[in-house]
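Student: I have a new structure open and would like to practise asking how we know things about it. Could you go through it with me?

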Amino acid sequence: MFSNKEKPLKPRAMERNVVAKNTSITGDIISEGDFRIDGTLEGTLKTNGRVIIGVEGAVKGKVESKNADIEGKFSGELLVHETLTIKATANISGEVIIGKLSVEPGAVFNASCAMKGAVKELNQHEQQRLLSEKTA
């Protein structure tokens, strides 16, 4: 009846959530799965998956995700832990913090941008310089 064997964990399927064209959402969204926005979102979106803002999509607010592909409009604060891909039709303004960046020609990118990996390298280089000055 009872066994010492552990039940195998089911692989978690990543859901894809969609804000369809002609749909408008105001508020905060937290999700584990991917998110595609072809409508309008005003507020905060936090997900461990990928955020895709379609050509007709628009987001105003704060977005935090693992990866992001932007084809539409974004205004606000964008935090992407891994790769941000900006397509030629994208229009981005605000503050962007990313791991890696890919931008297609034709995209509008009017944002302050910080790359997390570059900041870490700079800090390590600065520390080495300071250590070498102290020992010299």
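Student: Which residue is the bridge partner of D69 in β8?

Tutor: The partner is T85. Keep in mind as we go that this is a predicted model.

Student: How do you know that β7 and β8 are paired?

Tutor: Two strands pair if at least two bridges are found between them. For β7 and β8 there are 3 bridges, and the two strands run parallel. The cut-off is met, so they count as a pair. On β5, residues 50–53, there are 4 bridges to β7, again in a parallel arrangement. That passes the cut-off too, so β5 and β7 are a pair. As an example of who faces whom, I53 stands opposite I70 of β7.

Student: Which way do the residues of β7 point?

Tutor: N67 and D69 point one way, while A68 and I70 point the other way. All four residues are buried.

Student: Why is D38 called buried?

Tutor: Set its value against the cut-off: buried means under 20% relative accessible area. D38 has 19%, so D38 counts as buried. You will find D38 in the loop between β3 and β4.

Student: What does D38 touch, leaving out residues up to four places away in sequence?

Tutor: D38 touches V19, A20, K21, G54, E56 and G57.

Student: What makes the meeting of the D38 and R36 side chains a polar contact?

Tutor: The N or O atoms of a polar contact must lie within 3.5 Å, and one must be able to donate a hydrogen that the other can accept. The contact between the side chains of D38 and R36 is at 3.0 Å, so the distance fits the cut-off.

Student: Why is M115 called partly exposed?

Tutor: Partly exposed covers the range between the buried cut-off of 20% and the exposed cut-off of 50%. M115 has a relative accessible area of 33%, so M115 falls in that range. M115 belongs to strand β10, residues 108–115.

Student: Which residues make the nonpolar surface patch with M115?

Tutor: L101 and V103 make the patch together with M115, and it covers about 210 Å². Patch residues need over 30% relative accessible area, so the 33% of M115 passes that part of the test.

Student: How many helices and strands does the whole chain have?

Tutor: There are 1 helix and 10 strands. Along the sequence, the pattern is β-β-β-β-β-β-β-β-β-β-α. Of the chain's 136 residues, 29% count as buried.

Terms used. Residues numbered from 1 in each chain as written. Predicted model: local features only at pLDDT ≥ 70, side-chain atom pairs only at ≥ 80, totals over all residues. Heavy atoms only, no water. Buried < 20%, exposed > 50% of the residue type's maximum accessible area, 1.4 Å probe, protein only. Patch = residues over 30% accessible without salt bridge, like charges linked within 9 Å, V, L, I, M, F, W, Y side chains within 5 Å. Areas by Shrake-Rupley, 256 points an atom, 1.4 Å probe, with all protein chains shown as cover. Salt bridge = Lys/Arg side-chain N within 4 Å of Asp/Glu carboxyl O. Contact = heavy atoms within 4.5 Å.
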